[in-house]
Amino acid sequence: MPGGRDSSIVKLQFESRGVVTPQQVFFFFFVSLLKKDKVDVKEIQMLQALAARNTYDLKFRSDAARIKGMSSLKGVEGLTFSPYDRSVVVTVLYLNFEVEKGQMARVLGQ
């Protein structure tokens with residue numbers, strides 16, 4: 001099955017020498033950009049930190065919100081972003097929530 005993510009998800013990469021925390025990303029989006037461009041916080045489904053440094057997935061609830069959110073991001077210095085084309089859903093059973101990344105990778109690798 002080909003890999004990918006839902007088209008309502010945007011990959012964000014911050015070019016910074018320091019670490020950009022999820023709290024900073026949240027504040028940046030929800031307080032600065034989204035309020036300015038009238039994107040309702042309810043239109044954001046999730047923000048997920050990825051393994052790569054300063055890289056996040058931001059998922060919108062609708063394509064209209066994604067398009068509006070992406071237009072808000074244009075021209076932001078130090079930020080690159082790109083939407084994904086499709087998604088693959090993976091369900092993991094019998095794995096505790098408090099699990100190390102290495103164990104999760106082994107389970108998903110099977």
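A salt bridge here is a side-chain nitrogen of Lys or Arg within 4 Å of a carboxyl oxygen of Asp or Glu. The model is a predicted one. A search of the whole structure finds one such salt bridge. Its side chains belong to Asp63 and Arg66, with an N to O distance of 3.7 Å.

Where do Asp63 and Arg66 sit relative to one another? Both lie in helix 2, which spans residues 63-73. They are three residues apart, so about one helical turn separates them. In an α-helix there are 3.6 residues a turn, so residues three or four places apart point the same way. The two partners differ in burial class. Asp63 has 40% relative accessibility and counts as partly exposed. Arg66 has 14% and counts as buried, because buried means under 20% relative accessible area.

Now look at the rest of helix 2. Its buried residues are Ala65, Arg66, Gly69, Met70, Ser72 and Leu73. Viewed down the helix axis, these fall within an arc of 150 degrees, so they line one face of the helix. Ala64 and Ile67 are exposed on the other side. Just after helix 2 comes Gly75, with a positive phi of about 85 degrees.

Turn next to the sheet. It is open, has four strands in the order 2-3-1-4, and its pairing is antiparallel. Which strands stand at the edges? They are strand 2 (44-49) and strand 4 (79-83). Each has a single partner strand, so one side of each is left without a neighbour in the sheet. On average, neighbouring strands are turned by 20 degrees against each other, direction ignored.

Consider the pairing of strand 4 with strand 1 (residues 9-14). These two run antiparallel and are joined over five bridges. Val10 has Pro83 in strand 4 as its bridge partner. Helix 2 packs on this sheet. The helix touches strand 1, strand 3 (55-60) and strand 4. The direction of helix 2 makes about 160 degrees with that of strand 4.

One loop residue completes the tour. Gly18 is found between strand 1 and helix 1 (22-36). At 32% relative accessibility, Gly18 counts as partly exposed. What does Gly18 touch, leaving aside residues up to four places away in sequence? Its contacts are Arg53 and Asn54. Gly18 and Arg53 are 35 residues apart along the chain, and 9.5 Å separates their C-alpha atoms.

Key:
Residues are numbered from 1 along each chain as its sequence is written. This is a predicted model: local features need pLDDT of at least 70, side-chain atom pairs count only at pLDDT 80 or more; totals for chains, interfaces and linings use all residues. Side-chain values use heavy atoms; hydrogens and water are left out. Buried means under 20% relative accessible area, exposed over 50%, partly exposed in between (1.4 Å probe, protein chains only). Two strands pair if DSSP finds at least two bridges between them. Axes are lines fitted to C-alpha atoms, for helices over the stretch in contact, and angles run from 0 to 180 degrees between N-to-C directions. Contact means heavy atoms within 4.5 Å. The arc is that of the directions from the helix axis to the C-beta atoms.
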